[in-house]
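Work through the following exercises with the sequence and the model side by side, and try each task before reading its solution.

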Amino acid sequence: MIDPDARAEILDQAALMARPVARLSPETPLSVDVAYAVQERLVARRLARGERIAGLKLGLTSETKMKQVGVREVILGRLTDAMQHDEGSSIDLGRLIHPRIEPEIAFLLRRPLPPDPSQAEVQVCVEAVAPALEIIDSRYEGFRFDLGDVIADNASSAGFVLGRLHPPETDTGDIAITLALSGEVRETGSSAAILGRPLNALAAAARIAAARGISTSPGDIVLAGAATAAVPLSARTRVIADFGPLGRMEIRADGPGEREN
């Protein structure tokens, strides 16, 4: 019998100590239901320490990301206020295990998401759209996991940066995106890689959240998923993401950099 509370404690301590752990069930994979139960308890531990829910994040919404991690199912994680960083700020990599960064499209909600919406129905829930950067950091050794592992680990979420807000009707369907680290272009892609268009990802978030009993609220942020593969971060790295009509974003990574396991 799998104890979700015990599994959540293992992952929580791994994040707090920045020390990787072995996969939870390498021979007997966690079911999706059990994995989300672990995630719920993991997030509850953070809320008990004073963090507040800030929204949702989708994972594995592009073919590139599915191939990169070897998982083929869209997943959901939770965002908290402690995970948000200001644009232009410095990210302390010393608190992370093997951090990576990826460009995304974000939605700011004006109303809760309905349980099984059409694109038109999710569109009216949007207060604004924005470019975003997500910092991911699997707590597992070697960045290796299966579907249940990554769901339990809150979809590898570690931090996010929100760019300038744009009107809700802004077309995000096919925006060219470039991710550069210290002046070197490392990834190029399009927002169309996010389930065809980011609004499709927002609808998927609504369906998964409803199925898992997760509510959304006005003011929540929803990260629609990565438009490119994630790029490893190391110390003294300047990150610039160009989102075309949505503008540019910049942050700096400092600290000991990516750790080898």
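Two residues are in contact when heavy atoms of theirs lie within 4.5 Å, and helices and strands are DSSP runs numbered from the N terminus. The model is predicted.

**Exercise 1. Helix H2 and its surroundings**

Task: Describe the span of helix H2, list its buried residues, and find which elements these residues pack against.

Solution: Begin with the length: H2 covers residues 32-48, which is 17 residues, and it reaches 24 Å from its first C-alpha to its last, close to the 24 Å expected at 1.5 Å a residue. Next, look for side chains with little accessible area, taking under 20% relative accessible area as buried; in H2 these are Ala35, Tyr36, Ala37, Val38, Gln39, Leu42 and Val43. Then follow their contacts, which lead to the helices H1 (4-17), H5 (147-152) and H6 (198-211) and to the strands S1 (53-59) and S2 (75-80). Finally, inspect the backbone just after H2, where Gly50 takes a positive phi of about 110 degrees.

**Exercise 2. The aromatic cluster**

Task: Find the aromatic pairs in the whole structure, and decide whether each is stacked, tilted or edge-to-face.

Solution: The search gives two pairs. In one of them, the ring centres of Tyr140 and Phe145 are 6.4 Å apart and the planes meet at 50 degrees, so this pair is tilted. In the other, Phe143 and Phe145 have centres 5.7 Å apart and planes at 55 degrees, so this pair is tilted. The reasoning rests on the cut-offs, because planes under 30 degrees apart would count as stacked and over 60 as edge-to-face. Joining the pairs, Tyr140, Phe143 and Phe145 form one aromatic cluster.

Now check the burial of each member: Tyr140 is buried at a relative accessible area of 0%, Phe145 counts as buried at 12%, and Phe143 is buried with 12%. As a last step, look for a charge over a ring: the charged end of Arg100 sits over the ring of Phe143, 3.8 Å from its centre.

**Exercise 3. The nonpolar cores**

Task: Which residues touch the most other members of the largest nonpolar core, and which element gives the most to this core?

Solution: The largest nonpolar core has 68 residues, and Leu76, Leu133 and Leu202 touch the most other members. H6 gives the most to this core, with eight residues. To see one of these hubs in detail, leave out residues up to four places away in sequence; Leu202 then touches Leu58, Phe107, Leu109, Leu113, Val122, Val126 and Val222. A second, separate core of 12 residues remains, including Ala54, Ala128, Ala132 and Leu223.

Definitions and conventions: Residues are numbered from 1 along each chain as its sequence is written. This is a predicted model: local features need pLDDT of at least 70, side-chain atom pairs count only at pLDDT 80 or more; totals for chains, interfaces and linings use all residues. Side-chain values use heavy atoms; hydrogens and water are left out. Rings of Phe, Tyr and Trp (its six-membered ring) pair if their centres lie within 6.5 Å; planes under 30 degrees apart count as stacked, over 60 as edge-to-face and the rest as tilted. Buried means under 20% relative accessible area, exposed over 50%, partly exposed in between (1.4 Å probe, protein chains only). A charge sits over a ring if NZ of Lys or CZ of Arg is within 6 Å of the ring centre and within 35 degrees of the ring normal. Helices (H or I, at least four residues) and strands (E, at least two) are DSSP runs, numbered from the N terminus. The expected span of a helix is 1.5 Å times one less than its number of residues. A nonpolar core is a set of buried Ala, Val, Leu, Ile, Met, Phe, Trp, Tyr and Cys residues joined through side-chain atoms within 4.5 Å.
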